[in-house]
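Please work through the exercises below with the sequence and the coordinates at hand. Each task is followed by a solution in steps.

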Amino acid sequence: MDRRKFLRVMAMTATNIFLGNEEVFAQYILETWEPPIRKLFLRFTEYELRPSTEMIVIHHAGFPDGDKDSSAEEIHKFHQEVNGWAGIGYHYVIRKDGTIEQGRRPQMVGAHAYKHNRNSVGICVAGNFELAKPERKQLDSLKLLTARLCQRYKLNPMKDGVIVGHRNLNDTDCPGKNLYSKLNEIRRYCRDF
Ligand SMILES: [Zn+2]
């Protein structure tokens, strides 16, 4: 919840709108709460609304020269200038310190999983998880974000094909064996969230 939303909730509570109506209050929190996301307002050369959201695709940055941190800004520049795309293909990037950064706007069609972009959200975890292991803080943020996305889009995390690794869709190692092996743990976290 950002500061403005927090203050709004406090203001409403203060004026007794929620007094004796905990259900409405709980619903409000459920609908508006977000894990802390660093919004970057990156500029894209085109925007297209995604028709539906049925799947969350987990990626790693996977630079072959090693396991390193990368920011949404760096990936944005790379995808725009080298790949010639509208901008960063992922909707979220999770940094090594656990910070969640906004990439493509959440409601837009991404560019992260060939032939599966029109019904999916793409999350990129910074690092190369064929070579190294994800940081604890990255996994914590990934779980929280994925759980929230399941809620927002009314997805059943335990259903086949809802929370997937990029390798389930295209011919790639992504998200690396050391992150791919965490997907069941992430699904269970989302189920119990
Ligand atoms: Zn990928």
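The exercises below concern a predicted model and treat the fold, the metal site, a loop residue and a helix pair.

**Exercise 1. Overall architecture**

Determine how many helices and strands the chain has, and in which pattern they follow along the sequence.

Solution.
- Step 1: The chain holds six helices and six strands.
- Step 2: Reading along the sequence gives the pattern α-α-β-β-α-β-β-β-α-β-α-α.
- Step 3: Of the 193 residues in the chain, 48% are buried.
- Step 4: Among contacts between residues at least 6 apart in sequence, 73% join residues at least 24 apart.

**Exercise 2. The zinc site**

Identify the protein donors of the zinc ion, and establish which parts of the chain are tied together by His59 and Cys174.

Solution.
- Step 1: Three protein atoms serve as donors, namely ND1 of His59, ND1 of His166 and SG of Cys174, at 2.0 to 2.2 Å from the zinc ion.
- Step 2: Along the chain, these donors follow the spacing H-x106-H-x7-C.
- Step 3: His59 belongs to strand β2 (residues 55-60), while Cys174 belongs to the loop between β6 (163-165) and α5 (177-180); the pair therefore ties together parts that are 115 residues apart in sequence.
- Step 4: Buried means under 20% relative accessible area. His59, with a relative accessible area of 1%, is therefore buried, and Cys174, at 6%, is buried as well.

**Exercise 3. A residue of the β6-α5 loop**

Decide whether Asp171 counts as buried or exposed, and state the separation of its C-alpha atom from that of Tyr114.

Solution.
- Step 1: Asp171 is placed in the loop between β6 and α5.
- Step 2: The cut-off for an exposed residue is over 50% relative accessible area. Asp171 has 83% relative accessibility and so counts as exposed.
- Step 3: The C-alpha atoms of Asp171 and Tyr114 are 9.7 Å apart, and 57 residues separate the two along the chain.

**Exercise 4. The packing of α4 and α6**

Describe how the axes of α4 and α6 cross, and which residues make the contact.

Solution.
- Step 1: The axes of α4 (residues 136-152) and α6 (residues 183-192) come within 9 Å, crossing at roughly 50°.
- Step 2: An angle of this kind falls outside the parallel, antiparallel and perpendicular ranges, so α4 and α6 are oblique to each other.
- Step 3: Their crossing is right-handed.
- Step 4: From α4, the contact involves Arg136, Leu142, Lys143, Leu144, Thr146, Ala147 and Cys150; from α6, Glu185, Ile186, Tyr189 and Cys190.
- Step 5: These contact residues divide into seven nonpolar, one polar and three charged.

Methods
Residues numbered from 1 in each chain as written. Predicted model: local features only at pLDDT ≥ 70, side-chain atom pairs only at ≥ 80, totals over all residues. Heavy atoms only, no water. Axes fitted to C-alpha atoms, helices over the stretch in contact; angles between N-to-C directions. Helix = DSSP H or I, 4+ residues; strand = E, 2+ residues; numbered from the N terminus. Parallel < 35°, antiparallel > 145°, perpendicular 65-115°, else oblique. Left-handed = near helix turned anticlockwise from the far one by under 90°. Contact = heavy atoms within 4.5 Å. Nonpolar A, V, L, I, M, F, W, Y, C, P; charged D, E, K, R; others polar. Donors = N, O, S within 2.8 Å, 3.2 Å for Na, K, Ca; no water. Buried < 20%, exposed > 50% of the residue type's maximum accessible area, 1.4 Å probe, protein only.
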